[in-house]
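Student: Please take a close look at a single strand of this model, together with the residues and strands around it. I would like one connected account, with the criteria stated.

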Amino acid sequence: QVPLVESGGGLVQAGGSLRLSCAASGSIFSLGALAWYRQAPGKQRELVARLTSGGSFNYARSVKGRFTISKDNAKNTVYLQMNSLKPEDTAVYYCYGSDTVATYWGRGTQVTVSS
C-alpha cells in the first residue's frame, strides 16, 4: 500500500500562488503514474496534471502554462505548483498514484481562490 497525504491548500486571492504537496508512505519510484485531480461542487472530477515514470507530462488545457507537476524521489513527494490562480480553480484537489496492482488516492485538500 502507498498512502497519500495532501497538504498546502488554503485561501488565496486571484492571481496568487500555492504549492500543493503529496507525501507518500513508501517509495514513489515504483508508481507508474502520479497525478493531480480536482473536483468543484456540482462538477465531475477532472485530471489537472499527470506525470509518468517515463518522464512525460500532461496538463489540462485550462491550467497549462500556469500549473506545474513535479516530484522529489528522495522525499517520496509529488508537488503541484499553481500560479496565476483564478476563481474557477476553486476545488478540492486530490493526489493520485498507481502501480501494477492498485490505484491510490489522497483524501483531498481544499483550494479556494477569491476574486
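Tutor: Two strands pair if DSSP finds at least two bridges between them; the strands themselves are DSSP runs of E with at least two residues, numbered from the N terminus. The model is predicted, so local features require pLDDT of at least 70 and side-chain atom pairs pLDDT 80 or more, whereas totals for chains, interfaces and linings use all residues. Residues are numbered from 1 along each chain as its sequence is written, and side-chain values use heavy atoms, without hydrogens and water.

The strand chosen here is β4, which spans residues 33–39 and contains R38. Six of its seven residues are buried (under 20% relative accessible area with a 1.4 Å probe, protein chains only; exposed is over 50% and partly exposed lies in between). The strand is therefore largely enclosed by the rest of the structure.

Strand β4 has pairing partners in β5 and β9. Its pairing with β5 is antiparallel and rests on six bridges; within it, Y37 has L47 as its bridge partner in β5. These two strands form a hairpin with six residues between them, and G42 in the turn has a positive phi of about 80°. With β9 the pairing is again antiparallel, over seven bridges, and Y37 stands opposite Y94 of that strand.

Is R38 buried or exposed? At 6% relative accessibility, R38 counts as buried. Its side chain makes a polar contact (N or O atoms within 3.5 Å, one able to donate a hydrogen and the other to accept it; for residues adjacent in sequence, both must be side-chain atoms) with the side chain of E46 at 2.7 Å. A second polar contact, of 3.0 Å, joins the side chains of R38 and D89. Beyond its neighbours within four places in sequence, R38 is in contact (heavy atoms within 4.5 Å) with residues including V48, F67 and Y93.

Two of those residues lead to the nonpolar core, a set of buried Ala, Val, Leu, Ile, Met, Phe, Trp, Tyr and Cys residues joined through side-chain atoms within 4.5 Å. The largest such core has 27 residues, of which W36, F67, L80, M82 and Y93 touch the most other members. Strand β4 is among the elements that give two or more residues to this core, as are β5, β7, β8 and β9. The largest share, four residues, comes from β3. Outside its own sequence neighbourhood, Y93 is in contact with W36, Y37 and R38, among others, and also with F67, L80 and M82.

F67 can be followed into another sheet. Its bridge partner in β8 is M82, within an antiparallel pairing of β7 and β8 (residues 77–82) that comprises six bridges. Both strands belong to an open four-stranded sheet with antiparallel pairing, in the order β1-β3-β8-β7. Its edge strands are β1 (4–7) and β7 (67–72), each pairing on one side only.

A disulfide (cysteine sulfur atoms within 2.5 Å) completes the picture: C22 and C95 form one, with their sulfur atoms 2.0 Å apart. The angle about the S-S bond is -85°, a left-handed link between C22 and C95. Since C22 lies in β3 and C95 in β9, the pair ties together parts that are 73 residues apart in sequence. Both cysteines, C22 and C95, are buried.
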